[in-house]
Each structure stands twice: as structure tokens, then as C-alpha cells.
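Please work through the exercises below with the sequence and the structure open beside you. Try each task before reading its solution.

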Amino acid sequence: MSFDREKCPVKLPSFDLTDKVAIVTGSTKGLGYGIVMAFAAHGAKVVITSRHQEDCDRVVKEVEDLGGEALGVATDVQEKAQVEALVEKCVERFGRLDILVNNAGVAITKKIVDLEEKEYNTMMDSNLRSVFFGAQAAAKQMIRQNEEGRGDGGKIINMCSIGGVKGNNGVAVYGASKAGAINLTKSLAWELARYHITANAICPGYVVTEMNHSQLIDTNFGEKQLLNIPLRRFGTVDEIAALALFIASDSCNMLNGEYIIADMGATLGGNI
């Protein structure tokens with residue numbers, strides 16, 4: 001016997017993104033790649049970015065081979081003009097923009113006394129400046145759609161980090177940039193709410209990707225980090241993609257200006 005969803009007195013959650021258009025920056029690998037695939041699997045048209053067009057084209061083909069629709073646009077998110085062009089190309093191809101995931105970012109591990117000005121600028125430009133101008137360009141388009149009667153708001157999701165909510169050893173500027181992005185998310189939520197545009201942030205802890213697998217799995221460093229995680233495991237790309245899908249869906253229209261910590265309990269404090 002199966003549950004009769006049609007007769008259920010409570011509106012059940014749906015993660016259908018059919019007819020939605022989403023831009024995900026830094027989406028040819030890691031968390032961004034997982035988010036793109038989750039969005040496409042649930043009906044969204046996806047715009048894929050990285051600094052290299054060949055990487056974008058590879059992921060576009062993967063999405064299309066699975067029956068989805070995708071566009072690849074090589075973009076350096078540190079450049080305001082390129083971020084604005086990204087939104088323009090998205091609208092030129094798909095006619096609209098409903099979801100922006102600011103995922104692209106950079107981390108440089110160095111002590112405060114050793115960090116060079118160029119490295120400081122790289123992290124701030126990648127992790128905060130790009131989020132501001134990406135959100136600005138997306139919001140302008142979403143507002144325009146609403147005014148033209150072609151939209152019902154929009155979703156901005158900023159990929160932050162637990163580094164933005166606690167002190168850090170060796171990644172101070174990375175943490176500061178992510179803390180800035182969290183605060184920016186709250187301000188975006190306030191200013192854009194009148195247009196029915198929500199802004200929220202995801203703050204992952206350690207998530208295993210192809211880039212950090214060799215550092216985290218079966219290493220002394222990884223085992224040491226696990227001692228600070230109550231669940232005694234690292235996160236997965238699939239889990240972060242599922243969280244982004246939830247926030248992007250109509251089942252999450254109440255959430256606004258929040259940052260969700262997804263760290264298996266690492267920021268709880270204490271020892272277990």
C-alpha cells in the first residue's frame with residue numbers, strides 16, 4: 001500500500017526546478033559540480049562556469065548526455081565585467097535567471113605574518129568581491145523579470161565556510177572573506193526581500209572532493225581533523241548539493257538571510 005500524496009492534508013515538499021534557470025560559479029569540479037548536477041537532475045537549466053572554456057564544455061556535455069540543458073561560460077569571477085557578462089549570456093540563451101549560486105572561491109594557507117598583499121587581494125576578490133558583484137548582477141535581472149511580470153522572485157545562495165564563523169590558524173584572510181560574505185548575505189536578504197528575492201549561505205566544514213582527497217583520507221592530518229568532528233566523518237559533495245537544492249526549491253521560501261552550518265558538528269565545541 002502506498003501513501004496517497006494527492007489526498008494528503010499537508011502540502012508535501014517538492015524539489016522540482018523545472019523551468020528555472022540557475023548559474024553556479026566554479027561548477028566544473030567539487031561542490032559546484034555536484035550542485036549543477038543536482039539542479040539539472042531536478043529540471044533546471046544550468047549555466048556552468050570556470051576560468052577555462054574547455055572545462056565548461058566538458059560539464060555541459062555531461063549534463064546534456066543525461067538529458068539536461070546547459071550553457072558553459074568561461075568566467076573569472078574576480079572581474080566585475082566578466083560576472084556581468086555571465087548574467088547577460090545566461091539571459092541571452094535562456095531568457096531569464098532564477099537562481100545564482102556564488103560557489104567559486106580560493107583558499108591560501110599561510111600565517112598572517114607571511115601572507116603577501118597579492119595573496120590577500122586574490123582571496124578577497126575571489127571570495128567576497130565576486131559574491132557582491134555576482135549578487136548585484138543577478139538581483140538586477142531578477143528584479144527586472146519581476147517588474148515585467150515574468151518572475152516571482154529569485155534565490156541567491158552564497159557558498160561560505162565554517163571558517164567565516166570561527167577563528168582560524170593559517171587561513172585568517174580566507175576566514176575573514178567568508179565572514180564578510182556571510183554578513184553580505186544578511187544585507188542582501190534585507191534589501192532584496194521586497195522583490196521576493198531570498199539570500200542564504202551554506203557554511204560547510206570539511207567536505208571530501210577530488211582536490212583534497214589525498215590530504216584528508218588515510219592521512220595523519222585527516223585523522224587529526226576527525227577528532228574535532230563529533231560525527232567522526234567528513235561531509236560529501238552529494239550532501240552539500242542536496243542542501244543547495246533544498247534552498248533553491250520552493251520548499252525553502254521561508255528561509256532568508258540565514259547561514260546553514262553543515263560541518264558534522266565541528267563547531268559545537270568540547271570533546272567527545
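**Exercise 1.** In which sense do strand E1 and E4 pair, and over how many bridges?

Solution. Keep in mind throughout that this is a predicted model. Begin with strand E1, which covers residues 21–24, and follow its pairing with E4: the two run in the parallel sense, and the pairing extends over 3 bridges. To place one of these contacts, take Ile23, whose bridge partner in E4 is Leu100. Then look at the side chains of E4 (residues 99–102), where Ile99 and Val101 point one way while Leu100 and Asn102 point the other way, and all of them are buried.

**Exercise 2.** Work out the order of the strands in the open sheet, and find its edge strands.

Solution. The open sheet has 7 strands, and reading across it gives the order E3-E2-E1-E4-E5-E6-E9, with parallel pairing. At the edges stand strand E3 (70–74) and strand E9 (259–262), each of which pairs on one side only. From one strand to the next, the twist averages 15°. As background for such pairings, strands of a sheet are held together through backbone hydrogen bonds, in either a parallel or an antiparallel arrangement.

**Exercise 3.** Trace the chain from E1 by way of E2 to E3, and give the handedness of each crossover.

Solution. First consider E1 and E2, which run parallel and are joined by 4 bridges, with Ile23 standing opposite Val47 in E2. Between these two strands the chain passes through H1, and this β-α-β crossover is right-handed. Next comes the pairing of E2 with E3, again in the parallel sense, over 5 bridges, where Val46 stands opposite Ala70 in E3. Here the chain crosses from E2 to E3 through helix H2 (residues 53–65), and this β-α-β crossover is right-handed.

Finally, check how E2 itself is covered. Strand E2 spans residues 45–50, and 6 of its 6 residues are buried. Lys45, Val47 and Thr49 point one way from the strand, whereas Val46, Ile48 and Ser50 point the other way.

**Exercise 4.** Follow the chain from E4 to E5 and on to E6, and explain why E6 is described as largely enclosed.

Solution. Start with E4 and E5, which pair in the parallel sense over 4 bridges; one of the contacts to locate is that of Ile99, whose bridge partner in E5 is Lys155. The chain goes from E4 to E5 through helix H4 (residues 117–147), in a right-handed β-α-β crossover. Lys155 also leads to the following strand, as this residue stands opposite Thr198 in E6. E5 and E6 run parallel and are joined by 6 bridges, and together with H5 they make a right-handed β-α-β unit.

The last step concerns burial, for which the cut-off is a relative accessible area under 20%. In E6, 8 of the 8 residues are buried, so the strand is largely enclosed by the rest of the structure. Ile197, Ala199, Ala201 and Cys203 point one way, while Thr198, Asn200, Ile202 and Pro204 point the other way. Pro204 can then be followed to the edge of the sheet, since its bridge partner in E9 is Ala262; E6 (residues 197–204) and E9 run parallel, joined by 4 bridges.

**Exercise 5.** Which residues have a positive phi without being glycine, and are they buried or exposed?

Solution. One of them is Asp19, with a phi near 75°, which lies in the segment before E1. Its relative accessibility is 55%, so Asp19 counts as exposed. Another is Asp218, with a positive phi of about 60°, found in the loop between helix H6 (213–216) and helix H7 (220–226). Asp218 is exposed because its relative accessible area is 72%.

**Exercise 6.** Which residues form a nonpolar patch on the surface, and where is Val165 placed?

Solution. The patch is formed by Val165, Tyr259 and Ile261, which together have about 220 Å² of accessible area. Val165 belongs to the loop between strand E5 (154–159) and helix H5 (172–192), and because its relative accessibility is 34%, Val165 counts as partly exposed. For a contrast, turn to Gly32 in helix H1 (residues 30–41), which counts as buried because its relative accessibility is 0%. The C-alpha atoms of Gly32 and Ala241 are separated by 8.0 Å, although these residues are 209 residues apart along the chain.

Methods:
Residues numbered from 1 in each chain as written. Predicted model: local features only at pLDDT ≥ 70, side-chain atom pairs only at ≥ 80, totals over all residues. Heavy atoms only, no water. Patch = residues over 30% accessible without salt bridge, like charges linked within 9 Å, V, L, I, M, F, W, Y side chains within 5 Å. Areas by Shrake-Rupley, 256 points an atom, 1.4 Å probe, with all protein chains shown as cover. Salt bridge = Lys/Arg side-chain N within 4 Å of Asp/Glu carboxyl O. Buried < 20%, exposed > 50% of the residue type's maximum accessible area, 1.4 Å probe, protein only. Pairing = 2+ DSSP bridges. Right-handed = clockwise from strand over helix to strand, strands pointing away. Axes fitted to C-alpha atoms, helices over the stretch in contact; angles between N-to-C directions.
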